[in-house]
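This report describes how the parts of one structure are arranged. It treats enclosed space, then the relation between copies of a chain, and finally the surroundings of a nucleic acid strand.

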Number of protein chains: 2
Amino acid sequence: MVLNMVSSKVSETRPFDVQVQIFKVLTHPARLAILDILRDGEHCVCHMEAHLGFRQAYISQQLSVLREAEIIQDRRDGWNIYYRVIDDRIYEVLDAMRRITGQPKSELKKPNVSCACPTCSTHVGKAS
Amino acid sequence: MVLNMVSSKVSETRPFDVQVQIFKVLTHPARLAILDILRDGEHCVCHMEAHLGFRQAYISQQLSVLREAEIIQDRRDGWNIYYRVIDDRIYEVLDAMRRITGQPKSELKKPNVSCACPTCSTHVGKAS
DNA sequence: AAACCATATTCAATACCATGAATGTGATTA
DNA sequence: TAATCACATTCATGGTATTGAATATGGTTT
(Lines give C-alpha, C1' and ligand atoms only; values in the text may rest on other atoms or scores of the structure.)
Protein backbone atom coordinates (compact mmCIF):
# COMPACT_ATOMS: atom_id res chain seq x y z
CA MET A 1 0.00 0.00 0.00
CA VAL A 2 1.61 3.19 -1.14
CA LEU A 3 0.60 6.73 -0.32
CA ASN A 4 -0.05 9.05 -3.19
CA MET A 5 0.26 12.14 -1.09
CA VAL A 6 1.95 14.70 -3.26
CA SER A 7 0.24 17.79 -1.99
CA SER A 8 0.61 20.67 -4.38
CA LYS A 9 2.83 22.98 -2.37
CA VAL A 10 2.89 23.04 1.35
CA SER A 11 2.15 19.84 3.19
CA GLU A 12 0.24 21.18 6.15
CA THR A 13 -1.72 17.99 5.87
CA ARG A 14 1.09 15.49 6.35
CA PRO A 15 0.32 14.90 10.03
CA PHE A 16 -2.97 13.38 8.90
CA ASP A 17 -1.43 10.74 6.66
CA VAL A 18 -1.18 8.16 9.42
CA GLN A 19 -4.86 8.46 10.18
CA VAL A 20 -5.75 8.35 6.51
CA GLN A 21 -3.85 5.11 6.21
CA ILE A 22 -6.01 3.43 8.83
CA PHE A 23 -9.22 4.98 7.57
CA LYS A 24 -8.43 3.45 4.19
CA VAL A 25 -8.37 0.01 5.71
CA LEU A 26 -11.77 0.66 7.26
CA THR A 27 -13.17 1.66 3.88
CA HIS A 28 -14.40 -1.79 3.04
CA PRO A 29 -17.57 -3.62 4.13
CA ALA A 30 -15.98 -7.05 4.31
CA ARG A 31 -13.20 -5.76 6.53
CA LEU A 32 -15.68 -4.03 8.82
CA ALA A 33 -17.66 -7.26 9.00
CA ILE A 34 -14.51 -9.16 9.92
CA LEU A 35 -13.67 -6.70 12.67
CA ASP A 36 -17.21 -7.08 13.92
CA ILE A 37 -16.75 -10.81 14.19
CA LEU A 38 -13.54 -10.29 16.12
CA ARG A 39 -15.28 -8.15 18.73
CA ASP A 40 -15.64 -11.08 21.08
CA GLY A 41 -12.11 -12.35 20.73
CA GLU A 42 -10.13 -14.41 18.31
CA HIS A 43 -11.60 -16.50 15.52
CA CYS A 44 -10.24 -18.72 12.79
CA VAL A 45 -10.58 -18.03 9.10
CA CYS A 46 -13.06 -20.82 8.48
CA HIS A 47 -15.29 -19.20 11.06
CA MET A 48 -15.41 -15.95 9.12
CA GLU A 49 -15.87 -17.87 5.91
CA ALA A 50 -18.93 -19.59 7.33
CA HIS A 51 -20.41 -16.46 8.85
CA LEU A 52 -19.84 -14.06 5.98
CA GLY A 53 -20.46 -16.34 3.04
CA PHE A 54 -17.39 -15.29 1.14
CA ARG A 55 -14.89 -17.68 -0.33
CA GLN A 56 -11.72 -18.43 1.56
CA ALA A 57 -9.32 -16.62 -0.76
CA TYR A 58 -11.39 -13.47 -0.65
CA ILE A 59 -11.46 -13.39 3.13
CA SER A 60 -7.78 -14.11 3.26
CA GLN A 61 -7.14 -11.12 1.04
CA GLN A 62 -9.04 -8.85 3.36
CA LEU A 63 -7.33 -10.34 6.38
CA SER A 64 -3.97 -9.58 4.83
CA VAL A 65 -4.94 -5.94 4.45
CA LEU A 66 -5.93 -5.77 8.09
CA ARG A 67 -2.80 -7.64 9.09
CA GLU A 68 -0.42 -5.43 7.11
CA ALA A 69 -2.03 -2.39 8.70
CA GLU A 70 -1.25 -4.01 12.05
CA ILE A 71 -4.87 -3.93 13.10
CA ILE A 72 -5.07 -7.68 13.55
CA GLN A 73 -2.65 -10.41 14.48
CA ASP A 74 -2.59 -14.10 13.64
CA ARG A 75 -1.74 -17.15 15.70
CA ARG A 76 -1.38 -20.66 14.41
CA ASP A 77 -2.79 -23.63 16.28
CA GLY A 78 -2.45 -26.86 14.36
CA TRP A 79 -4.44 -26.58 11.19
CA ASN A 80 -6.22 -23.40 12.02
CA ILE A 81 -5.02 -19.83 12.12
CA TYR A 82 -6.71 -17.58 14.61
CA TYR A 83 -7.00 -13.83 14.22
CA ARG A 84 -7.47 -11.21 16.88
CA VAL A 85 -7.40 -7.40 16.94
CA ILE A 86 -4.21 -5.90 18.32
CA ASP A 87 -5.59 -2.65 19.70
CA ASP A 88 -9.16 -2.70 20.97
CA ARG A 89 -9.38 1.05 20.58
CA ILE A 90 -10.23 0.47 16.94
CA TYR A 91 -13.72 -0.31 18.19
CA GLU A 92 -13.98 3.18 19.63
CA VAL A 93 -13.64 4.45 16.10
CA LEU A 94 -16.15 1.99 14.74
CA ASP A 95 -18.63 2.62 17.53
CA ALA A 96 -18.38 6.37 17.07
CA MET A 97 -19.10 5.89 13.41
CA ARG A 98 -22.09 3.71 14.15
CA ARG A 99 -23.48 6.37 16.41
CA ILE A 100 -23.51 8.68 13.41
CA THR A 101 -24.87 6.27 10.86
CA GLY A 102 -27.40 5.00 13.36
CA GLN A 103 -26.76 1.33 12.86
CA PRO A 104 -27.62 -1.21 15.52
CA LYS A 105 -24.77 -2.62 17.54
CA SER A 106 -25.06 -6.04 15.98
CA GLU A 107 -26.91 -5.91 12.70
CA LEU A 108 -25.01 -8.99 11.75
CA LYS A 109 -26.84 -11.78 13.54
CA LYS A 110 -24.86 -14.99 13.65
CA PRO A 111 -26.34 -17.40 11.15
CA ASN A 112 -26.83 -21.01 12.13
CA VAL A 113 -23.75 -22.29 10.43
CA SER A 114 -20.41 -23.58 11.56
CA CYS A 115 -17.13 -24.92 10.32
CA ALA A 116 -15.14 -27.83 11.64
CA CYS A 117 -12.86 -25.78 13.85
CA PRO A 118 -12.97 -26.16 17.64
CA THR A 119 -14.53 -22.74 18.06
CA CYS A 120 -17.42 -23.39 15.72
CA SER A 121 -17.98 -26.89 17.05
CA THR A 122 -19.01 -25.44 20.37
CA HIS A 123 -21.85 -23.64 18.61
CA VAL A 124 -25.25 -25.06 17.78
CA GLY A 125 -24.58 -24.83 14.07
CA LYS A 126 -24.71 -27.70 11.66
CA ALA A 127 -22.35 -27.68 8.69
CA SER A 128 -24.02 -28.90 5.50
CA MET B 1 -19.99 8.76 -5.61
CA VAL B 2 -21.10 5.28 -6.47
CA LEU B 3 -20.67 2.13 -4.44
CA ASN B 4 -18.94 -0.75 -6.12
CA MET B 5 -20.24 -3.30 -3.67
CA VAL B 6 -20.96 -6.40 -5.65
CA SER B 7 -20.18 -8.97 -3.01
CA SER B 8 -19.63 -12.36 -4.52
CA LYS B 9 -22.61 -14.25 -3.13
CA VAL B 10 -24.26 -13.35 0.10
CA SER B 11 -24.18 -9.74 1.20
CA GLU B 12 -23.82 -10.16 4.91
CA THR B 13 -21.75 -7.03 4.70
CA ARG B 14 -24.35 -4.68 3.27
CA PRO B 15 -25.19 -3.11 6.64
CA PHE B 16 -21.66 -1.72 6.67
CA ASP B 17 -21.95 0.16 3.40
CA VAL B 18 -23.22 3.34 5.03
CA GLN B 19 -20.24 3.48 7.34
CA VAL B 20 -17.86 2.71 4.50
CA GLN B 21 -19.27 5.64 2.61
CA ILE B 22 -18.35 8.06 5.37
CA PHE B 23 -14.99 6.44 6.04
CA LYS B 24 -14.17 7.02 2.38
CA VAL B 25 -14.66 10.72 2.82
CA LEU B 26 -12.27 10.68 5.77
CA THR B 27 -9.65 8.93 3.68
CA HIS B 28 -7.95 12.12 2.62
CA PRO B 29 -5.45 14.31 4.46
CA ALA B 30 -6.75 17.59 3.06
CA ARG B 31 -10.29 16.76 4.10
CA LEU B 32 -9.14 15.83 7.60
CA ALA B 33 -7.23 19.09 7.78
CA ILE B 34 -10.34 20.98 6.76
CA LEU B 35 -12.43 19.26 9.41
CA ASP B 36 -9.75 20.15 11.90
CA ILE B 37 -10.04 23.80 11.01
CA LEU B 38 -13.79 23.61 11.43
CA ARG B 39 -13.48 22.30 14.97
CA ASP B 40 -13.97 25.75 16.45
CA GLY B 41 -16.91 26.69 14.29
CA GLU B 42 -17.54 27.96 10.80
CA HIS B 43 -14.87 29.34 8.50
CA CYS B 44 -14.78 30.72 4.99
CA VAL B 45 -12.93 29.14 2.12
CA CYS B 46 -10.25 31.80 1.94
CA HIS B 47 -9.47 31.00 5.54
CA MET B 48 -8.74 27.39 4.72
CA GLU B 49 -6.82 28.44 1.66
CA ALA B 50 -4.56 30.62 3.77
CA HIS B 51 -4.07 28.08 6.52
CA LEU B 52 -3.54 24.99 4.40
CA GLY B 53 -1.57 26.47 1.54
CA PHE B 54 -3.60 24.80 -1.18
CA ARG B 55 -5.04 26.56 -4.14
CA GLN B 56 -8.64 27.63 -4.06
CA ALA B 57 -9.93 25.16 -6.64
CA TYR B 58 -8.34 22.28 -4.83
CA ILE B 59 -9.90 23.17 -1.51
CA SER B 60 -13.23 23.71 -3.17
CA GLN B 61 -13.05 20.23 -4.61
CA GLN B 62 -12.48 18.71 -1.20
CA LEU B 63 -15.21 20.82 0.30
CA SER B 64 -17.62 19.52 -2.30
CA VAL B 65 -16.81 15.95 -1.30
CA LEU B 66 -17.50 16.78 2.34
CA ARG B 67 -20.63 18.67 1.37
CA GLU B 68 -22.06 15.90 -0.80
CA ALA B 69 -21.48 13.48 2.05
CA GLU B 70 -23.52 15.84 4.20
CA ILE B 71 -20.71 16.23 6.68
CA ILE B 72 -20.49 19.99 6.22
CA GLN B 73 -22.89 22.75 5.29
CA ASP B 74 -22.34 26.09 3.61
CA ARG B 75 -23.79 29.51 4.27
CA ARG B 76 -23.31 32.57 2.14
CA ASP B 77 -22.63 35.97 3.62
CA GLY B 78 -21.88 38.61 1.05
CA TRP B 79 -18.76 37.61 -0.82
CA ASN B 80 -17.75 34.82 1.44
CA ILE B 81 -19.12 31.35 1.89
CA TYR B 82 -18.82 29.90 5.35
CA TYR B 83 -18.64 26.20 6.08
CA ARG B 84 -19.53 24.36 9.24
CA VAL B 85 -19.86 20.71 10.22
CA ILE B 86 -23.42 19.44 10.43
CA ASP B 87 -22.97 16.71 13.02
CA ASP B 88 -20.30 17.27 15.65
CA ARG B 89 -20.18 13.56 16.36
CA ILE B 90 -17.81 13.24 13.43
CA TYR B 91 -15.15 14.50 15.82
CA GLU B 92 -15.77 11.53 18.08
CA VAL B 93 -14.63 9.36 15.19
CA LEU B 94 -11.63 11.55 14.46
CA ASP B 95 -10.64 11.79 18.11
CA ALA B 96 -10.90 8.05 18.56
CA MET B 97 -8.64 7.61 15.57
CA ARG B 98 -6.12 10.08 16.95
CA ARG B 99 -6.00 8.18 20.18
CA ILE B 100 -4.83 5.18 18.19
CA THR B 101 -2.36 6.93 15.94
CA GLY B 102 -1.08 8.93 18.87
CA GLN B 103 -1.21 12.31 17.22
CA PRO B 104 -1.43 15.48 19.26
CA LYS B 105 -4.81 17.16 19.40
CA SER B 106 -3.65 20.08 17.32
CA GLU B 107 -0.58 19.21 15.32
CA LEU B 108 -1.67 21.85 12.88
CA LYS B 109 -0.62 25.06 14.54
CA LYS B 110 -2.22 28.11 13.00
CA PRO B 111 0.34 29.89 10.88
CA ASN B 112 0.62 33.63 11.04
CA VAL B 113 -1.37 34.29 7.93
CA SER B 114 -4.81 35.61 7.15
CA CYS B 115 -7.13 36.42 4.32
CA ALA B 116 -9.30 39.48 3.86
CA CYS B 117 -12.45 37.93 5.29
CA PRO B 118 -13.94 39.30 8.53
CA THR B 119 -12.95 36.20 10.43
CA CYS B 120 -9.30 36.38 9.49
CA SER B 121 -9.13 40.13 9.99
CA THR B 122 -9.76 39.64 13.68
CA HIS B 123 -6.59 37.56 13.87
CA VAL B 124 -3.08 38.89 14.29
CA GLY B 125 -2.01 37.62 10.90
CA LYS B 126 -0.60 39.69 8.12
CA ALA B 127 -1.34 38.71 4.53
CA SER B 128 1.72 39.06 2.32
C1' DA C 1 -24.72 46.36 -17.02
C1' DA C 2 -19.90 45.73 -16.52
C1' DA C 3 -16.09 44.63 -13.86
C1' DC C 4 -14.82 42.16 -9.91
C1' DC C 5 -14.80 39.23 -6.02
C1' DA C 6 -14.97 34.57 -3.71
C1' DT C 7 -15.99 30.18 -4.76
C1' DA C 8 -17.67 26.06 -7.83
C1' DT C 9 -17.53 22.89 -11.60
C1' DT C 10 -15.83 20.25 -15.48
C1' DC C 11 -12.48 17.61 -17.81
C1' DA C 12 -8.71 14.62 -18.63
C1' DA C 13 -4.79 11.94 -17.20
C1' DT C 14 -3.00 9.13 -13.99
C1' DA C 15 -2.63 6.47 -9.80
C1' DC C 16 -4.79 3.54 -6.88
C1' DC C 17 -8.11 -0.17 -5.13
C1' DA C 18 -11.20 -4.32 -5.75
C1' DT C 19 -11.76 -8.84 -6.90
C1' DG C 20 -12.00 -13.43 -9.48
C1' DA C 21 -9.10 -17.11 -10.86
C1' DA C 22 -5.34 -19.78 -10.38
C1' DT C 23 -1.78 -21.37 -7.72
C1' DG C 24 1.46 -21.63 -3.69
C1' DT C 25 2.74 -22.73 1.29
C1' DG C 26 3.29 -24.82 5.65
C1' DA C 27 1.60 -27.91 9.13
C1' DT C 28 -0.39 -32.51 9.76
C1' DT C 29 -1.75 -37.19 9.24
C1' DA C 30 -1.09 -41.70 7.19
C1' DT D 1 7.16 -38.76 1.79
C1' DA D 2 2.81 -38.30 -0.14
C1' DA D 3 -1.68 -36.79 0.48
C1' DT D 4 -4.45 -33.53 2.75
C1' DC D 5 -6.04 -29.70 5.31
C1' DA D 6 -6.41 -24.63 6.32
C1' DC D 7 -4.93 -20.70 4.65
C1' DA D 8 -1.95 -17.24 1.72
C1' DT D 9 -0.27 -15.12 -2.43
C1' DT D 10 0.03 -13.64 -7.18
C1' DC D 11 -1.73 -11.90 -11.30
C1' DA D 12 -4.71 -9.58 -14.46
C1' DT D 13 -8.66 -6.70 -15.33
C1' DG D 14 -11.94 -3.30 -14.55
C1' DG D 15 -13.44 0.36 -11.66
C1' DT D 16 -12.89 4.43 -8.77
C1' DA D 17 -10.49 8.38 -6.67
C1' DT D 18 -6.99 12.12 -7.17
C1' DT D 19 -5.64 16.32 -8.84
C1' DG D 20 -3.97 20.05 -12.14
C1' DA D 21 -5.74 23.10 -15.54
C1' DA D 22 -9.17 25.61 -17.45
C1' DT D 23 -13.47 27.62 -17.03
C1' DA D 24 -18.03 28.71 -15.01
C1' DT D 25 -21.16 30.86 -11.47
C1' DG D 26 -23.45 34.04 -8.60
C1' DG D 27 -23.36 37.87 -5.50
C1' DT D 28 -21.41 42.77 -5.15
C1' DT D 29 -19.84 47.21 -6.22
C1' DT D 30 -19.61 51.06 -9.39
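## Enclosed space

The model is predicted. Counting cavities of 30 Å³ or more gives 1 cavity. The largest cavity has a volume of about 40 Å³.

Residues from both chains line the largest cavity: Phe16(A) and Gln19(A), together with Leu32(B), Leu35(B), Asp36(B), Arg39(B), Leu94(B) and Arg98(B). Two elements of chain B, α2 (29–37) and α5 (90–101), each give two or more residues to this lining. The largest share comes from α2(B), with 3 residues. Sorted by class, the lining of the largest cavity consists of 4 nonpolar, 1 polar and 3 charged residues.

## Relation of the two chains

Two copies of a chain are related by a rotation about an axis and a shift along it. Here, a turn of 180° and a shift of 0.0 Å along the axis lay chain A on chain B with an RMSD of 0.0 Å. That is the relation of a two-fold axis. The same surface serves both copies, since 100% of the contact residues of chain A recur in chain B.

Within chain A, the residue that comes closest to the rotation axis is Val93(A), whose C-alpha lies at 2.5 Å.

## Surroundings of DNA strand C

DNA strand C is surrounded by 28 residues. The closest are His28(A), Tyr58(A) and Gln61(A) from chain A, and Ser60(B) and Tyr83(B) from chain B. By class, the surface near DNA strand C has 12 nonpolar, 11 polar and 5 charged residues. On the side of the nucleic acid, 71% of the atoms of DNA strand C within 4 Å of the protein belong to sugar or phosphate, and the rest belong to bases.

## Polar contacts with the strand

Side chains of both chains come to base oxygens of DNA strand C. A polar side-chain atom of Gln61(A) lies 2.8 Å from a base oxygen, and an N or O atom in the side chain of Gln61(B) is 3.0 Å from a base oxygen. Ser60(B) is placed at the backbone of the strand instead: a polar atom of its side chain lies 2.6 Å from a phosphate oxygen.

The elements that give two or more residues to the surface near DNA strand C are α4 (56–68) of chain A and, from chain B, α3 (45–52), α4 (56–68) and β3 (80–85). Of these, α4(B) gives the most, with 5 residues.

Notes. Residues are numbered from 1 along each chain as its sequence is written. Chains are lettered from A and ligands numbered from 1 in the order in which they are written. This is a predicted model: local features need pLDDT of at least 70, side-chain atom pairs count only at pLDDT 80 or more; totals for chains, interfaces and linings use all residues. Side-chain values use heavy atoms; hydrogens and water are left out. Copies are superposed by least squares on the C-alpha atoms of residues with pLDDT of at least 70 in both. Contact means heavy atoms within 4.5 Å. On a 1 Å grid over the protein atoms alone, a cavity is a set of points where a 1.4 Å probe fits but cannot get out, and a pocket is an open set with protein on both sides within 12 Å along at least five of seven lines; lining residues have an atom within 4 Å of a point. Grid points are joined across faces, edges and corners, and a volume is the space filled by probe spheres set on the points. Helices (H or I, at least four residues) and strands (E, at least two) are DSSP runs, numbered from the N terminus. Ala, Val, Leu, Ile, Met, Phe, Trp, Tyr, Cys and Pro count as nonpolar, Asp, Glu, Lys and Arg as charged, and the others, Gly among them, as polar. A residue is near a molecule or strand if one of its heavy atoms lies within 4 Å of it. A polar contact is a pair of N or O atoms within 3.5 Å; within protein, one must be able to donate a hydrogen and the other to accept it, and residues adjacent in sequence count only if both atoms are side-chain atoms.
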